[in-house]
Amino acid sequence: MLLVPLATRAQTQTTDTSLFYDSHFHLTNYVQEGITVQQFIQVMKGKVGRSTLFGIPLQQEWSYGNTGDFAPTYYLASDAPLYYYSFTDAYIAMAYRSLSKDDQKLFDPMITGFNPADMYAADHIKRVLKVFPGVFSGIGEFTIHKEFVSSKVAGEVASLTNPALDRILDFAGEAGLVVLLHNDINMPYPKPGQEPYLLKQIASLFRRHPKTTIIWAHCGLGRVVQPVKDQLKMLDVVLSDPALKHVHIDISWDEVAKYIVSSPETISATAAVINKYPDRFLMGTDEVAPATQEKYLKVYYMYEPLLKQLTAEAKKKLLKDNYARLFDNARQEVRKWEAAHVGN
Ligand SMILES: [Zn+2]
């Protein structure tokens, strides 16, 4: 056995040598299948120090009339609708509870199984906290406008102007839950020069909820919702507004990384915005149930050219510190809310 002096041993235990913390991770896919949380720990090992933990609130229906014997596992693989699958919250809570206390510290589980067009959605979130106290740090990723997805969801279509969403964000603010929201910044294939109506709506939504900690997923980009020329200027409008200090941005998803690292110009322009607002950006993968560490870390390595252009401070905050600040605070606040309300 190798004898390590005590001091060194203590040091190696407390030194966090991981590459980053993951603010955007799906344990399960659109048919509620994935890897176990124990497998995820193996996939993270040595590289990712902490991670959010959630499934996907939407279930792709297998409609025999639409695809026959072909069982779709992704929303693009079928024309049948998606529906809200609330059991995902119990599934995630039980996965978290199956871990040792030490392993639980790696994760920030999130509530996702609610319909954001339903005035009762906030009550669902409250109920989940009461049934599974000590587990959740946030809500999301949930989706309002998303190319190819929103229009497939059964029932009333979600909207940034729906009071049901205001009830959700009010409650998240009250309980201290971090909100991870997907909302495209623009429609697919917009006419040139058209100002996105979504930007106005989302800025006004953010302004109505100054006490809620919000992470806007993927900088508002999508598979075909591309960085319009003024994309970074739009982000600058949001980030420079003192009334929107509670809004943060994750740079997750390989579809987004693809655009950001597509040229030296896009890399340096993005780096400039992150360097200007170092407290506002978070690293995330948006991986869905990755089977291997190599697949899991793909987005991180795609971003290497961007990371090289960040200041030491901005890089450290993007990769870890902003995550730690937001989620450590959420853990404390949500536990306080639960202590005051569970059993009532
Ligand atoms: Zn996602």
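A residue is called buried here if 20 or more other C-beta atoms lie within 10 Å of its own, exposed if 12 or fewer do, and partly exposed in between, with the C-beta atoms placed from the backbone. The model is predicted, and local features need pLDDT of at least 70, side-chain atom pairs count only at pLDDT 80 or more, and totals for chains, interfaces and linings use all residues. Residues are numbered from 1 along each chain as its sequence is written. Helices (H or I, at least four residues) and strands (E, at least two) are DSSP runs, numbered from the N terminus.

The framework is an open sheet of 8 strands with parallel pairing, in the order S1-S3-S6-S7-S8-S9-S10-S11, where two strands pair if DSSP finds at least two bridges between them. S1 and strand S11 (281-282) stand at the edges with a single partner strand each, so one side of each is left without a neighbour in the sheet.

Within this order, strand S7 (residues 138-143) is mostly covered, 6 of its 6 residues being buried. Strand S6 (residues 107-111) pairs with S7 in the parallel sense over 2 bridges, and Met-110 stands opposite Gly-138 in S7. S7 also pairs with strand S8 (residues 178-182), again in the parallel sense, over 5 bridges, and here Phe-142 stands opposite Leu-181 in S8. The connections between these strands make two β-α-β units: S6, helix H6 (residues 121-131) and S7 form a right-handed one, and S7, helix H7 (residues 163-175) and S8 form a right-handed one as well. A crossover is right-handed if, with the strands pointing away from the viewer, the path from the first strand over the helix to the second runs clockwise. Further along the sheet, strand S9 (residues 214-216) and strand S10 (residues 247-250) run parallel and are joined by 3 bridges, with Ile-214 opposite Val-247 in S10.

The largest nonpolar core has 86 residues, and those with the most contacts inside it are Leu-53, Ile-125, Val-179 and Ile-215; the largest share of this core, 8 residues, comes from H15. A nonpolar core is a set of buried Ala, Val, Leu, Ile, Met, Phe, Trp, Tyr and Cys residues joined through C-beta atoms within 7 Å. Leaving aside residues up to four places away in sequence, Ile-215 touches, among others, Val-179, His-248, Ile-249 and Leu-282, where contact requires that the C-beta atoms of two residues, placed from the backbone, lie within 7 Å.

Helix H15 itself, with 30 residues (312-341), should span 44 Å at 1.5 Å a residue, and its end C-alpha atoms are 42 Å apart, which agrees; the expected span is 1.5 Å times one less than the number of residues. H15 nevertheless has a kink of about 60°, centred on Leu-318, the bend being the angle between axes fitted to the seven residues ending at a residue and the seven starting there. The buried residues of H15 include Leu-318, Leu-319, Asn-322, Tyr-323, Leu-326 and Phe-327. H15 is followed by Gly-343, whose phi is positive, near 95°.

Ser-18 lies in the loop between helix H1 (6-14) and strand S1 (20-22), and is partly exposed because 17 other C-beta atoms are within 10 Å. The C-alpha atoms of Ser-18 and Leu-318 are separated by 13 Å, although the two residues are 300 residues apart along the chain.
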